[in-house]
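Take a moment to look at the chain below. Turn it around, find the helices and strands, and then read on.

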Amino acid sequence: MRWWLGMVLLWSGMALFGYDFSRCGERIALSSEKVGDSYGLAIDEKRLLHYSKTPPKGYKILKSDPYVGLYLLEAKKPKVPLELRDITPETMEDILGAGTPEGFMEGNITQRMSGWLAYARFSQKSPPNSIISSICYQIYGLGVGGNEFIESSYIKRFLEQKRVQYGDLLIRFEKNRREPVVALIDPFIEENPFRLGDRVLSLEGRAIGSRSELENQIYGLAPGREVRVSVMREGEVVSFETRVYPRIGGMLLPDHLLERVGLRFSQDWSLQAAHKMQGRGLENLQAGDQILRVNGIDMPQGEEGLRLLSRFASEEMSWLIRRGEFEFFIKVNKKPKNAED
């Protein structure tokens, strides 16, 4: 029998006599490695699970999900693994502990996760990379700070994925409304089915109750597939199919909607970066160019400028560009010569 299995059995036996978390810190220390000012937690003898809003330094990263802040690291020394356990109705009624090698606090789960960043909640503080546990070596969740944590089912999804991807319909919603109302559209979708002001009613036949509910459903879609969407548009229900794209940015990352086509702009719509641009007239742009007007309309600052571009999604546009001392027009989303009228 491995030495660590004996240690697990010892702590398991202790747990059978009641909810005594006083020595859980010692047990977790066998499964932890210091990562910066936090910890990595062993999911097996050689790999560590770590939560961070930025990539951890000083460790080999085996897998990463920067959208939600999960990282799989190579352990520097063999560790005693922890056991991921699913949250059940019984778990919700149970007394659990939340803590790190420094110590544990007794409490209970007060709320389940409802989305990738809609964290579960614990009744006590759960510092980043603390564990939510029952008998010291079983882990129901990973702390992210405050009294919030990521549930084990989301952790398992991260560990099982060969490639971390999230879905995107290339639209964004009004932030100050509970209902999912389209506020921004990627202007370079080949065949854009959405319109500004569309209120999404259903996705794949499932009625939508709120913006956050819809966003979480979109994140979970597999890129490349077609999905059925119904929207309320000017008092009428309109249904159509649309493609799911790989998500680029958002969640814990900056959300640059135009980065899909290789563009990143500053607040005044000066081009900061241009790479992998896919034709459509965009190849005529250079870093430093500033958009002054779109179809004769002055370009607003920041997100309002993207809202203006969204008005002309998939349409041909005329951009007035300033490059140093020169100003000139370029055609964007120009139709091919053989395109039908």
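What follows is a walk from the whole chain down to single residues.

Start with the overall view. This is a predicted model. The chain has 341 residues, and 48% of them count as buried. It holds six helices and 27 strands. Along its principal axes, the C-alpha trace spans about 75 × 45 × 30 Å. Now think about which parts of the sequence meet. Take the contacts between residues at least 6 apart in sequence: 53% of these join residues at least 24 apart.

Two residues give a feel for distance. D94 and E283 are 189 residues apart in sequence. In space, their C-alpha atoms are 60 Å apart. Where does D94 lie? It is in the loop between α3 (89-93) and β7 (96-100). Its relative accessibility is 25%, so D94 counts as partly exposed. The cut-offs help here: buried means under 20%, and exposed means over 50%.

Next, look at an open sheet. Four strands form it, in the order β18-β17-β19-β20, with antiparallel pairing. Its edge strands are β18 (206-207) and β20 (236-243), and each of these pairs on one side only. Follow β20 to its partner. Strand β19, residues 226-233, pairs with β20 over eight bridges in the antiparallel sense. Within this pair, V229 stands opposite F240 of β20. A helix also belongs in this picture. α5 lies across β17 (199-203) and β18, and runs at about 50° to β17.

α5 also leads to the largest pocket. Rolling a probe the size of a water molecule over the atoms shows where empty space is left. The largest pocket has a volume of about 820 Å³. Which elements give two or more residues to its lining? They are β15 (171-173), β16 (182-185), α5 (211-219), β22 (263-265) and α6 (302-311). α5 gives the most, with six residues. In total, 35 residues line the pocket. R172, K175, L184, D255 and E303 lie nearest its centre. Sort the lining by class and you get 16 nonpolar, eight polar and 11 charged residues.

Stay with two of these lining elements. The first is β22. It pairs with strand β23, residues 271-274, over three bridges in the antiparallel sense. R264 has A273 in β23 as its bridge partner. The two strands form a hairpin with five residues between them. In this hairpin, W269 takes a positive phi near 65°.

The second is α6. Which of its residues are buried? G302, G305, L306, L308, L309 and S310 are. What covers them includes β16, β24 (290-294), β25 (297-298) and β26. Note that β16 appears here as well as in the lining of the largest pocket.

β26 takes us to a second hairpin. Strand β26 covers residues 317-323, and strand β27 covers residues 326-332. They pair in the antiparallel sense over seven bridges. M317 has V332 in β27 as its bridge partner. Two residues lie between the strands, and G324 in the turn has a positive phi of about 65°.

Now go back to the structure and trace the route again. Begin at the open sheet of β18, β17, β19 and β20. Cross to α5, which lies across β17 and β18. Move into the largest pocket, where α5 gives six residues to the lining. From there, pick out α6, another element of that lining. End at β26, which is among the elements covering the buried residues of α6.

Key: Residues are numbered from 1 along each chain as its sequence is written. This is a predicted model: local features need pLDDT of at least 70, side-chain atom pairs count only at pLDDT 80 or more; totals for chains, interfaces and linings use all residues. Side-chain values use heavy atoms; hydrogens and water are left out. Buried means under 20% relative accessible area, exposed over 50%, partly exposed in between (1.4 Å probe, protein chains only). On a 1 Å grid over the protein atoms alone, a cavity is a set of points where a 1.4 Å probe fits but cannot get out, and a pocket is an open set with protein on both sides within 12 Å along at least five of seven lines; lining residues have an atom within 4 Å of a point. Grid points are joined across faces, edges and corners, and a volume is the space filled by probe spheres set on the points. Ala, Val, Leu, Ile, Met, Phe, Trp, Tyr, Cys and Pro count as nonpolar, Asp, Glu, Lys and Arg as charged, and the others, Gly among them, as polar. Two strands pair if DSSP finds at least two bridges between them. Contact means heavy atoms within 4.5 Å. Axes are lines fitted to C-alpha atoms, for helices over the stretch in contact, and angles run from 0 to 180 degrees between N-to-C directions.
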